[in-house]
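Student: Please take a close look at one part of this structure, the interior. Describe what lines it, and then place the surrounding elements relative to it.

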Amino acid sequence: MSNMSLRVVARVAAKANSVEQVRAILMGVVEPTRREPGCLSYQLLQSQADPTDFTCIEEWASAAAEQSILQHHTSRTRYDNCQDCSPRNRTSVATQY
């Protein structure tokens with residue numbers, strides 16, 4: 001199972017008065033994450049019905065690649081320490097065969 005890709009869905013809730021700031025922080029993470037070893041795809045989505053609701057859809061070459069970025073990626077620190085948002089959940093949703 002170690003050579004199969006991993007997909008992750010991570011949701012973030014922004015405070016209503018900080019949507020623009022949170023969007024800027026999250027967008028600042030997209031390109032650096034896409035350049036990380038093992039990142040196959042990284043998409044940032046914002047709900048049209050609820051602008052405070054952001055979703056990141058990630059695909060990693062392996063679970064180890066995803067764990068490596070969570071432990072060592074410095075640009076994600078801004079996202080993790082965002083005072084105007086709160087992570088809703090981060091779920092590994094599928095392994096691609």
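Tutor: What follows starts with the model as a whole, goes on to the interior, and then takes the elements in turn.

The model is predicted, so local features are given only for pLDDT of at least 70 and side-chain atom pairs only at pLDDT 80 or more, while totals for chains, interfaces and linings use all residues. Residues are numbered from 1 along each chain as its sequence is written, and side-chain values use heavy atoms, with hydrogens and water left out.

The protein chain has a mean pLDDT of 81, and 72% of its residues reach 70 or more; pLDDT is the predictor's confidence in each residue, from 0 to 100. Confidence peaks in strand S2 (residues 39-46), with a mean of 96, and is lowest in helix H3 (residues 76-80), with a mean of 55. The chain contains three helices and four strands, arranged from the N terminus as β-α-β-β-α-α-β. These elements are DSSP runs numbered from the N terminus: helices are H or I of at least four residues, strands are E of at least two.

Of the 97 residues of the protein chain, 36% count as buried. Buried means under 20% relative accessible area, exposed means over 50%, and partly exposed is what lies in between, with a 1.4 Å probe and protein chains only.

The largest nonpolar core has eleven residues: Leu6, Val8, Ala10, Val29, Val30, Cys39, Tyr42, Cys56, Trp60, Ala65 and Ile69. Five elements, namely strand S1 (5-14), H1, S2, strand S3 (53-60) and H2, each supply at least two residues of this core. S1 gives the largest share, three residues. Apart from this core lies another of six residues, including Ala14, Val19, Leu26 and Phe54. A nonpolar core here is a set of buried Ala, Val, Leu, Ile, Met, Phe, Trp, Tyr and Cys residues joined through side-chain atoms within 4.5 Å.

S1 can be followed through two of its residues. Ala10 lies in this strand and is buried, at 3% relative accessible area. Its C-alpha atom is 6.6 Å from that of Ile57, although the two are 47 residues apart in sequence. Ser5, also in S1, is buried with a relative accessible area of 9%. The side chains of Ser5 and Glu59 are joined by a polar contact of 3.1 Å. Such a contact is a pair of N or O atoms within 3.5 Å; within protein, one must be able to donate a hydrogen and the other to accept it, and residues adjacent in sequence count only if both atoms are side-chain atoms.

Helix H1 (residues 19-34) has 16 residues, which at 1.5 Å a residue should span 22 Å; its end C-alpha atoms are 23 Å apart, in agreement with that. The expected span is 1.5 Å times one less than the number of residues. The buried residues of H1 are Val19, Val22, Leu26, Val29, Val30, Pro32 and Thr33. Thr33 has 0% relative accessibility, and its C-alpha atom is separated by 9.5 Å from that of Glu58, 25 residues away along the chain.

In the loop between H1 and S2 is Pro37, which is exposed at 66% relative accessible area. Pro37 and Ile69, 32 residues apart in sequence, are 8.7 Å apart from C-alpha to C-alpha. In S2, Leu40 counts as exposed at 52% relative accessibility. The C-alpha atoms of Leu40 and Arg7 are separated by 9.5 Å, with their positions 33 residues apart along the chain.

Helix H2 (residues 63-72) has Ala65, Glu66 and Ile69 as its buried residues. These cover an arc of only 100 degrees around the axis, which puts them on the same side of H2; the arc is that of the directions from the helix axis to the C-beta atoms. Ala64, Gln71 and His72 are exposed on the other side of H2. Ala65 and Ile69 also belong to the largest nonpolar core.

That leaves the cysteines of the same core. Cys39 is buried at 13% relative accessible area, and Cys56 is buried at 2%. The structure holds zero disulfides, a disulfide being a pair of cysteine sulfur atoms within 2.5 Å.
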